[in-house]
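Me: I would like to learn how to read some features of a protein model. Where should we start?

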Amino acid sequence: MVEDDAEIVNLLSRYLSGQGMSVSVAESAHQLHHVLGGREVDLILLDLGLPDADGLTLMRELRQRWHGPLIIVSGRGEPVERIVGLELGADDYVTKPFDLRELLARIRSVLRRAQPVAPPPERRDSQGFEFDGLKLDVAARQLHDRSGQPVALTTGEFELLLALLQRPHQVFSRDQLMNALHGRESGPYDRAIDVQIGRLRRKLEANPAEPAIIKSVRGAGYLFAAPVRRF
């Protein structure tokens, strides 16, 4: 938990510890780097208003070397802040003040999505997907580009890509994708899916401005248009 408000730190630490979670606290960007260098971290709750750094700048730097689950928990609730946070790789965005039970549900949802996916018993011969020269190893949660180099994916990006690959050439509405990823429908001003689609396109497409792999269907949503082979 990256948070400098002592009241919130005490409240969340007690609550999450009571739910069986081990909580480490960093009150600044400097302390966060120290925590990450000294122990394994499963998920980060990041406040954007830190004493020694802007939270969005910190997140941009963090995503260059750490790709684990991250939830922004911030008093900045404006749509532009949410969109920028998601663009930079946040898996979810919770606005203060928040309900403790809702925050816990979102933490558990993001952690579940971050767990390695074992192939189902009836499809043990299928370990991943190949499309347009790229390969997604589902069990390892690893994407490789056309030259065989790994492509870093956040938890949300991996889950979105997997959902699309499992049903290629099928149109998904934003609500369907939001339900698959976050267990809720999108609100009228919620652009989380659009933002994550944009991030994925920049990592998959030869020309993200004219996408050939993930296509938009006007008034309906998105579909995975490239041929897909299971392996």
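Me: Which residues line the second largest cavity?
Reply: Rolling a probe the size of a water molecule over the atoms shows where empty space is left. In this predicted model, the second largest cavity is lined by Met1, Val2, Glu3, Ile8, Leu12, Leu45, Leu46, Asp47, Val73, Lys96 and Phe98. Its volume is about 50 Å³, and the search of the whole structure finds two cavities of 30 Å³ or more.

Me: Which elements each supply at least two residues of that lining?
Reply: Helix α1 (6-18) and strand β1 (44-46) do. By class, the lining of the second largest cavity has eight nonpolar residues, three charged residues and no polar ones.

Me: Lys96 is in that lining. Is the peptide bond from Lys96 to Pro97 cis or trans?
Reply: Most residues other than glycine have a negative phi, and most peptide bonds are trans. The bond from Lys96 to Pro97 is cis, with omega near -10°. Pro97 belongs to the loop between β3 (92-95) and α5 (100-114).

Me: Now phi. What is the phi of Asp132, positive or negative?
Reply: Asp132 is a residue other than glycine with a positive phi, near 50°. Its place is the loop between β4 (128-131) and β5 (134-137). Asp132 counts as partly exposed because its relative accessibility is 43%, where the partly exposed class runs between 20% and 50%.

Me: And is Arg141 buried or exposed?
Reply: Arg141 has a relative accessible area of 17%, so it is buried. Arg141 is not a glycine either, yet its phi is positive, at about 55°. This residue sits in the loop between β5 and β6 (142-144).

Me: Those loops connect strands. In what order do the five strands of the open sheet run?
Reply: Strands of a sheet pair through backbone hydrogen bonds, either parallel or antiparallel. Here the order is β7-β6-β5-β4-β10, and the pairing is antiparallel. The edges are β7 (150-151) and β10 (229-230); each has a single partner strand, so one side of each has no neighbour in the sheet.

Me: How many bridges join β6 to β7?
Reply: Two bridges join these antiparallel strands. In one pairing, His144 has Pro150 in β7 as its bridge partner.

Me: How many bridges join β8 to β9?
Reply: Strand β8 (residues 214-217) and strand β9 (residues 221-224) run antiparallel and are joined by four bridges. Val217 stands opposite Gly221 in β9. The hairpin of β8 and β9 has three residues between the strands, and Gly219 there takes a positive phi near 75°.

Me: Last, a residue in a helix. Is Asp194 buried or exposed?
Reply: Asp194 counts as buried because its relative accessibility is 18%, and the buried class lies under 20%. Asp194 is part of helix α8 (residues 192-204).

Me: Which residues is Asp194 in contact with, leaving aside its neighbours within four places in sequence?
Reply: The contacts are with Arg174 and Tyr222. With Arg174 there is a polar contact between the two side chains, at 2.8 Å.

Note on methods. Residues numbered from 1 in each chain as written. Predicted model: local features only at pLDDT ≥ 70, side-chain atom pairs only at ≥ 80, totals over all residues. Heavy atoms only, no water. Buried < 20%, exposed > 50% of the residue type's maximum accessible area, 1.4 Å probe, protein only. Polar contact = N/O pair within 3.5 Å; in protein donor to acceptor, adjacent residues only side chain to side chain. Contact = heavy atoms within 4.5 Å. Pairing = 2+ DSSP bridges. 1 Å grid on protein atoms, 1.4 Å probe; cavity = no way out; pocket = protein on both sides within 12 Å on 5 of 7 lines; lining within 4 Å. Points joined across faces, edges and corners; volume = space filled by probe spheres on them. Nonpolar A, V, L, I, M, F, W, Y, C, P; charged D, E, K, R; others polar.
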